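This report covers one helix and its packing, a buried loop residue, and the contacts of several aromatic rings. Model confidence is treated along the way.

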Amino acid sequence: MPRSRALAARLRRTIPGDPEPSPAEWQALGEAHWRADPLADAVVEWMQGLGMDRAWPRVELGLAQGEAALGPSEQALRDYLRVTSAAPAWLDDARVQRGAQVLQSTGMHGMMVLRDAGLMAGYQASAINQTLVQTGALHNGAHKRVSETAAWWLDCTADGGMARGAPGHRQTLRVRLVHALVRHRLRHSPQWDADWLGLPINQVDMQATYLAFSAVQLLGLRMTGMLIGQTDADAVMHLWRHIGWLMGVEEGLMCDDEASGRVLLYRNIIGQAPPDHTSAALARALMDEPLGRPYPWAQALRGRIDRERHLSLVRWFVGAQGMRDLGLPPRAPWYPLMLMAPTALGSMALRVVPGLEAPWRAVARWQQTRFHAQLHRPPSPAQGRRSR
């Protein structure tokens, strides 16, 4: 699609060599639109048969105590827990931990980049938006989506967060089942156009989400001046390979290094449907999300300032045409340009000043948890109206 290739043009310039898929690779990507997540889908079929009121407590018991706590009639859930509890052969715990530390050290800036490069810019892929629109997520408000995503991200990037039974590990398995429940619902909905969209939350959609949290965030951090060593960047990719595996993304749709991640991202983007009215509807809801954050003081002023900061970052990531595609007002990229030099200097200091990383990371992580605590409070009534 010409528009999708235009969206990928800036990314293309960051990739050495030729990232274009071969005919066989292009066909394989198209076929992935028709593959879902059999392991989680089987659990959902069991849950539907048992009844949600009875099934969810059994899921929580299994997540807390393992498959041994379940009975023989709960084989689908037992299989789900058994497979996801066994570490894949390629998993390197030290690299996972290092990837989490790198993301912790990005502080509040890292979370802003994730929101604006991963979530907001991602709304340009209109086919993926259909899941949010048809499940009513647009009307539930952007504040809830940002808060829930931040909570999961913090669990996953905590020290030891992805160890078996740790909060990030358990929450990822919950999210995977929620995705399977949504897929089950939309597959049986007369409004779902499978000829155009493929399966709901298919493997290509799941790959896009995995890449938004890994390759896209790394690229966004670099675009705003953050200097990240290649070993550290690849550790972030390894962390998200593990999370993506737990989320049900197929092995062939993931990778273990940033360079390969950009190639996968490029191929995913050029296969996406171009922006449409859903892109603008979701983006404008997210645009106004800061206006309802419950700041402890000067709420109206700080909300407007943060709204402008986010719009400026989005403009840096998507360009002027992207802002139009997302239905956002034109803005200059003043905020990332203002931060470029301080961000570069700070990240350089981390690499050359002995003993600085640990205290820096502690402060940066405090910023991230404070931001989520702020989001976790109920939004103001004004935000509820604006998100609609």
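Helix α16 is mostly covered in this predicted model, with 10 of its 13 residues buried. Buried means under 20% relative accessible area, exposed means over 50%, and partly exposed lies in between, for a 1.4 Å probe and protein chains only. Helices are DSSP runs of H or I with at least four residues, strands are runs of E with at least two, and both are numbered from the N terminus. The buried residues of α16 are E258, G261, R262, V263, L264, L265, Y266, R267, N268 and I270. They pack against α1 (2-7), α2 (9-12), α3 (23-31), α14 (203-223) and α15 (230-247), where a contact is a pair of heavy atoms within 4.5 Å.

The length of α16 (residues 258-270) agrees with expectation, because 13 residues at 1.5 Å a residue should span 18 Å and the end C-alpha atoms are 19 Å apart. The expected span is 1.5 Å times one less than the number of residues. At the start of α16, the backbone nitrogen of A259 has a side-chain oxygen of D257 within 3.4 Å. A polar contact is a pair of N or O atoms within 3.5 Å; within protein, one must be able to donate a hydrogen and the other to accept it, and residues adjacent in sequence count only if both atoms are side-chain atoms.

One residue of α16 is L264, which counts as buried because its relative accessibility is 16%. Leaving out residues up to four places away in sequence, L264 touches Q207, L211, L253, M254 and C255. L264 and P21 are 243 residues apart in sequence, yet their C-alpha atoms are 9.4 Å apart in space.

D37 is in the loop between α3 and α4 (38-50). Its relative accessibility is 3%, so D37 counts as buried. Outside the residues up to four places away in sequence, D37 touches R176, R183, M206, M247 and G248.

The structure holds 4 aromatic pairs. Rings of Phe, Tyr and Trp (its six-membered ring) pair if their centres lie within 6.5 Å; planes under 30 degrees apart count as stacked, over 60 as edge-to-face and the rest as tilted. Two of the pairs are tabulated here.

| Pair | Centre distance | Plane angle | Class |
|---|---|---|---|
| W152 and F213 | 5.2 Å | 85° | edge-to-face |
| F213 and W240 | 4.9 Å | 25° | stacked |

The stacked pair links F213 in α14 to W240 in α15, 27 residues apart. W152 lies in α11 (residues 142-156) and F213 in α14, so the edge-to-face pair ties together parts 61 residues apart in sequence. W152 and F213 are both buried, as are both F213 and W240. W152, F213 and W240 form one aromatic cluster.

Arginines also sit over rings. The charged end of R241 is over the ring of W90, 3.8 Å from its centre, and that of R302 is over the ring of W297, 4.4 Å from its centre. The criterion is NZ of Lys or CZ of Arg within 6 Å of the ring centre and within 35 degrees of the ring normal.

The chain averages a pLDDT of 93, and 95% of the residues score at least 70; pLDDT is the predictor's confidence in each residue, from 0 to 100. Over residues 382-388 pLDDT stays under 50, and the model has 12 contacts for them beyond four places in sequence. Where pLDDT is low, the predicted coordinates should not be read in detail.

Local features need pLDDT of at least 70 and side-chain atom pairs 80 or more, while totals for chains, interfaces and linings use all residues. Residues are numbered from 1 along each chain as its sequence is written, and side-chain values use heavy atoms, with hydrogens and water left out.
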